[in-house]
Amino acid sequence: MRKKLFSFLAAILLISALITVYGCKSARNITAYEIDCEYADGVVFGTEKVSFYNSTDNAFKELKFNLFANAFRDGAKYSPVSAQYNYQAYIFFNDTATTEINAVRIDGEDVEFTVGGEDMNILCVPLKSEVFPNERATVEIEFKTNLAKVIARTGVNGDTVNLANFYPILCGIENGAFYECVYYANGDPFFSEPADYTVNFTRDKKYVVAASGALTSETETDGKISSHYELKDARSFALVLSDKFEVISEKSGDTEIIYYGYGDENPEEILLTARQSLEFFADKWGKYPFKTYSVVKTPFLQGGMEFTALSFVSSDLESAAFKEVTVHETAHQWWQTVVGNNEIEHPFIDEGLAEYSVVLFYEAHPEYGYTRENLIKSAEQTYKVYCSVYNKIVGKVNTAMTRAVPEFTSEYEYVNISYVKACIMYDYLRQTVGDAKFFAGLKRFYDENAYKTATPESLVGAFERAGANSNGFFQSFFDGTVII
């Protein structure tokens, strides 16, 4: 009897422990977004409930949100489209957009808020009381985003509606404070923390929707479809709508890989590239963490753009370039989505790693017709031409890598430093320390910085801890003294 009683008590303790553990897991010490929104005629109407979890050692008296769509408004200080692309981007001249904040509530009561920042790009919400480490603060925001007719991350164009950066998103946290992002035309001027998302999105039933999250349910009422999505550990949530999409998909383990395209001769080839690259990077760095991965063909001027579990790839690209961009954006699921970095302060971290990941992919897949040697040789030639051009036009060339986005004078300079030179750096490092230490260093960097904000120091440190005496090597690239 005593033995039975002991077994029964042990079972109760075990169940209690499991409830405690899984209860904590379900509560998740992470910020959470609940977004309910509807798209109609170039406007997104929405309400979001944001439960901010303070994972820092500091207390916060207010919450700050980026309003990225305000960069498209009339009179914006910074343009999200560079001058060289302005004519191509705006379908109807300089169309405008804004995010209007209609109300902010805490505990069901309206509270005062301000919209300011350097370019009317920051929503500031004062809290009723400070939120201390490991505590939560929850706010509800009613917003309306008017979309511009523009080929960009956010906007209406002739083929699709791109809905990235359409909702107020908490600023990333750096040095214990919110970091306000200005929407520069160069690069990807974004910085955010991982969060859990539940999104209910309503639109006319004519639209097929590509979304960051996994679709969990769908209902149709009066010609409108409401889709419910869930996504965990995400740095962003994006959608693309079109009445032209042709959708194909396949499974890779537990992940559904989906291609949303139109007018393709061989869409199966694009889906194959997406699957092969996803599987290759999962094997190289770590398991792909999301239930779905979507590659979306859409008008986009810069080639491609990564979001959590979803990538834009430009409809203007030829077949080979389309596949290459697909590989690059897929690599960003590891190098930016999982291992994050402040893309304004240190853009070379994720871009260089994604670009070199393309080299690694093609090296392992010779059927695509590229070799590591030829790819690096091409990168070297591109970089040398850039240096020559800048020397002739400007009289000098700045090759320092540790520069913030606004310190680059052009998109041409930004790309050559943050993509091309960074890619060359990784191959030179690999040649210097050997494959064993090189890949051990990258794997350590990934493992140590997953779901965190990586810095140049954490990159160098990971390689040092992997046994690669590489501090001097990195510094010569970072400060521009290395000769290529």
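The following exchange concerns strands, exposure classes and salt bridges in a predicted model.

Reader: What makes K297 count as buried?

Author: The relative accessible area of K297 is 9%. Buried means under 20%, so K297 is classed as buried.

Reader: How do you know that K297 and D264 form a salt bridge?

Author: The N to O distance between their side chains is 3.0 Å. The criterion is a nitrogen of Lys or Arg within 4 Å of a carboxyl oxygen of Asp or Glu, and therefore the pair qualifies. The pair links distant parts of the chain, with K297 in strand β21 and D264 in the loop between β20 and α3, 33 residues apart.

Reader: Why is D264 called partly exposed?

Author: D264 has a relative accessible area of 22%. Because partly exposed lies between the 20% and 50% limits, D264 belongs to that class.

Reader: What makes strand β21 mostly covered?

Author: Seven of the seven residues in β21 (residues 292–298) are buried. T292, S294, V296 and T298 point one way from the strand, while Y293, V295 and K297 point the other way.

Reader: How do you know that β21 pairs with β20 and with β23?

Author: Five bridges join β20 (residues 255–261) to β21, and five bridges join β21 to β23 (residues 310–314). Pairing requires at least two bridges, so both contacts meet the criterion. Each of the two pairs runs parallel. S294 is the bridge partner of I258, and L310 in β23 is the bridge partner of S294.

Reader: Why are β6 and β11 described as standing at the edges?

Author: The open sheet has the order β6-β7-β3-β11, with antiparallel pairing. β6 (114–116) and β11 (169–170) each have a single partner strand, so one side of each is left without a neighbour in the sheet. Within this sheet, β3 (residues 60–66) and β7 (residues 122–131) pair over six bridges, with K64 opposite C124.

Reader: What makes E142 and R105 a salt bridge, and which exposure class does each residue have?

Author: Their closest N and O atoms are 2.5 Å apart. The limit is 4 Å, so the contact counts as a salt bridge. E142 lies in strand β8 (residues 136–146) and R105 in strand β4 (residues 98–106), 37 residues apart. At 27% relative accessibility E142 is partly exposed, whereas R105, at 17%, is buried.

Reader: How do you know that K77 is exposed?

Author: Its relative accessible area is 54%. Exposed means over 50%, so K77 is placed in that class.

Methods: Residues are numbered from 1 along each chain as its sequence is written. This is a predicted model: local features need pLDDT of at least 70, side-chain atom pairs count only at pLDDT 80 or more; totals for chains, interfaces and linings use all residues. Side-chain values use heavy atoms; hydrogens and water are left out. Buried means under 20% relative accessible area, exposed over 50%, partly exposed in between (1.4 Å probe, protein chains only). Helices (H or I, at least four residues) and strands (E, at least two) are DSSP runs, numbered from the N terminus.
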